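The exercises that follow ask you to read a structure step by step, each with a worked solution. Please keep the sequence and the model in view as you work.

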Amino acid sequence: MPVDTPLVIGGISFRSRLIVGTGKYASFEETRKAVEASGADCVTVAVRRVNILDRNEENLLDYLDPKTYKILPNTAGCYTAEEAIRTARLARSAGVSDMVKLEVIGDQRTLFPDNEALLEATEVLAKEGFIVLPYTNDDPIMARKLVDAGAAVVMPLAAPIGSGLGIRNPYNIQIIMETISVPIIVDAGVGTASDAAIAMELGCDGILMNTAIAGADHPIQMAEAMNHAVTAGRLAYLAGRIPKKLYAQASSPIEGMIE
Amino acid sequence: MQITINGEQQDLPEKCTVLQLLEQLKVSPERIAVEINLTVIDRSVYHATTLNEGDHVEIISFIGGGAHAG
């Protein structure tokens, strides 16, 4: 029976194969409860200016202690390699993580990545010692180029960010898995628990999601569902599913039937 | 002297250090980062880094976000 080993990214070992975003929640308290229910031990956070005019503003990291959770700063909202590199450097300087979820967005309507700029930023940041987790298309050639540029993992989208459409091209995800040797984390596009299970059944090493949980009617309940789905999908992958066949195959023996 | 902090004009005393600025703004130096004129300042030198007239300072921290929070 195959025994699972933990997900390891850039030498860091993860307890859960689910990474969750912290945006779009009603409150920090709801964020904390949803993260807890998801079982994730890594959360992604955005980098923004401190509000210098209102110092009573609460801090997210008071609710998600970096001693308990691995913090994965992201470059969400960056449209150029320069902006993303600048944001990543600032994030690392805050002293909570050497990891960066690298996003360079190419277009506001689709939020698809600008892969040319992403590759450039990956190369620069990897050379500076960052553990780079790039958000990219489900393109096997791009995945290989990102690994060559020093990416610690590749994070192909399942579908557009926040779309909830699920895995639109499982075959490309499979080809990416055969093409590269670093972990593959599906990032973006998951809508519900079955989508997460499908990604894990394909053999992906993990999933990153935000909207599917935070946007659900009951986020904490959905977080728990995702926790189960990722675990179930991973177990099914390890257990090895039966082949798909067109015709029936009886599961009861024919021998000894009454005549 | 006039400097720009997170896009806001502020009047600060001459030879104000980064650490003094953070104290004045009531920003704890933990889990934040500071950039002056596009250069990231290492937290170990906040006390020794003085600001100059016209500097552009960015002070950042982390907020909730997954993908494209902006």
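## Exercise 1: A salt bridge between chains

A:Arg86 is partly exposed, with a relative accessible area of 34%. The structure is a predicted model, and the values below are computed from it.

**Task.** Determine which residue meets the side chain of A:Arg86 in a salt bridge, and state where the two residues of the pair lie.

**Solution.** Begin with the distance: the side chain of A:Arg86 meets that of B:Glu35 in a salt bridge, with 2.5 Å from N to O. Next, place the two residues, since the pair crosses between chains, from strand S3 of chain B, where B:Glu35 lies, to helix H2 of chain A, which holds A:Arg86. Finally, consider exposure: B:Glu35 is buried because its relative accessible area is 2%, under the limit of 20%, whereas A:Arg86, at 34%, is partly exposed.

## Exercise 2: The interface as a whole

**Task.** Describe the contact between chain B and chain A, giving the residues that each chain supplies, the buried area and the polar and charged pairs.

**Solution.** Start with the residue count, in which chain A contributes 38 residues and chain B contributes 30. The area buried between the two chains is about 2900 Å², and carbon and sulfur atoms give 61% of that area. Then turn to the pairs: 3 salt bridges are found across the interface, one of them between A:Asp62 and B:Arg31, whose closest N and O atoms are 3.9 Å apart, which falls within the 4 Å limit. Between chain B and chain A there are also 11 residue pairs in polar contact, with both residues at pLDDT 80 or more.

On the side of chain B that touches chain A, at least two residues come from each of strand S2 (8-11), strand S3 (33-36), strand S4 (39-41) and strand S5 (56-64). S5(B) supplies the largest share of this side, 7 residues. Sorted by class, the side of chain B that touches chain A comprises 15 nonpolar, 9 polar and 6 charged residues.

As a last step, examine the strand pairing: S5(B) is joined by 5 bridges to strand S4 (residues 42-49) of chain A, and the two strands run antiparallel. Within S5(B), B:Ile60 is the bridge partner of A:Arg49.

## Exercise 3: One residue of strand S3

**Task.** Is B:Val34 buried or exposed, and which residues does B:Val34 touch beyond four places in sequence?

**Solution.** B:Val34 belongs to strand S3 of chain B. Its relative accessible area is 1%, so B:Val34 counts as buried. Leaving out residues up to four places away in sequence, B:Val34 touches A:Leu90 and several residues of chain B, among them B:Val18, B:Leu22, B:Tyr46 and B:Val57. As for B:Ser61, 27 residues away along the chain, its C-alpha atom is separated from that of B:Val34 by 9.3 Å.

## Exercise 4: Salt bridges within chain A

**Task.** For the salt bridges of A:Asp4 and A:Asp41, identify the partner and the parts of the chain that are linked.

**Solution.** The whole structure holds 12 salt bridges over all chains. In one of them A:Asp4 pairs with A:Arg17, the closest N and O atoms being 3.2 Å apart. Because A:Asp4 lies in the segment before strand S1 (7-9) and A:Arg17 in the loop between strand S2 (12-14) and strand S3 (18-21) of chain A, the pair ties together parts that are 13 residues apart in sequence. A:Asp4 is partly exposed at 33%, while A:Arg17 is buried at 11%. Together with A:Arg234, A:Asp4 and A:Arg17 are linked in a network of salt bridges.

The second pair joins A:Asp41 to A:Lys70, with the closest N and O atoms 2.8 Å apart. This pair links distant parts of the chain, 29 residues apart, as A:Asp41 is in the loop between helix H1 (28-38) and S4 of chain A, and A:Lys70 is in strand S5 (residues 70-74) of chain A. A:Asp41 counts as buried because its relative accessibility is 0%.

## Exercise 5: The packing of a helix

**Task.** Which residues of helix H6 (residues 193-202) of chain A are buried, and against which elements do they pack?

**Solution.** The buried residues of H6(A) are A:Asp195, A:Ala196, A:Ala197, A:Ala199, A:Met200 and A:Leu202. These buried residues pack against helix H5 (170-179), strand S9 (185-187), strand S10 (206-209) and helix H8 (219-239) of chain A. After H6(A) comes A:Gly203, whose phi is positive, near 110°.

Conventions
Residues numbered from 1 in each chain as written. Chains lettered and ligands numbered in written order. Predicted model: local features only at pLDDT ≥ 70, side-chain atom pairs only at ≥ 80, totals over all residues. Heavy atoms only, no water. Contact = heavy atoms within 4.5 Å. Buried area = accessible area lost by both parts, 1.4 Å probe. Polar contact = N/O pair within 3.5 Å; in protein donor to acceptor, adjacent residues only side chain to side chain. Helix = DSSP H or I, 4+ residues; strand = E, 2+ residues; numbered from the N terminus. Nonpolar A, V, L, I, M, F, W, Y, C, P; charged D, E, K, R; others polar. Pairing = 2+ DSSP bridges. Buried < 20%, exposed > 50% of the residue type's maximum accessible area, 1.4 Å probe, protein only.
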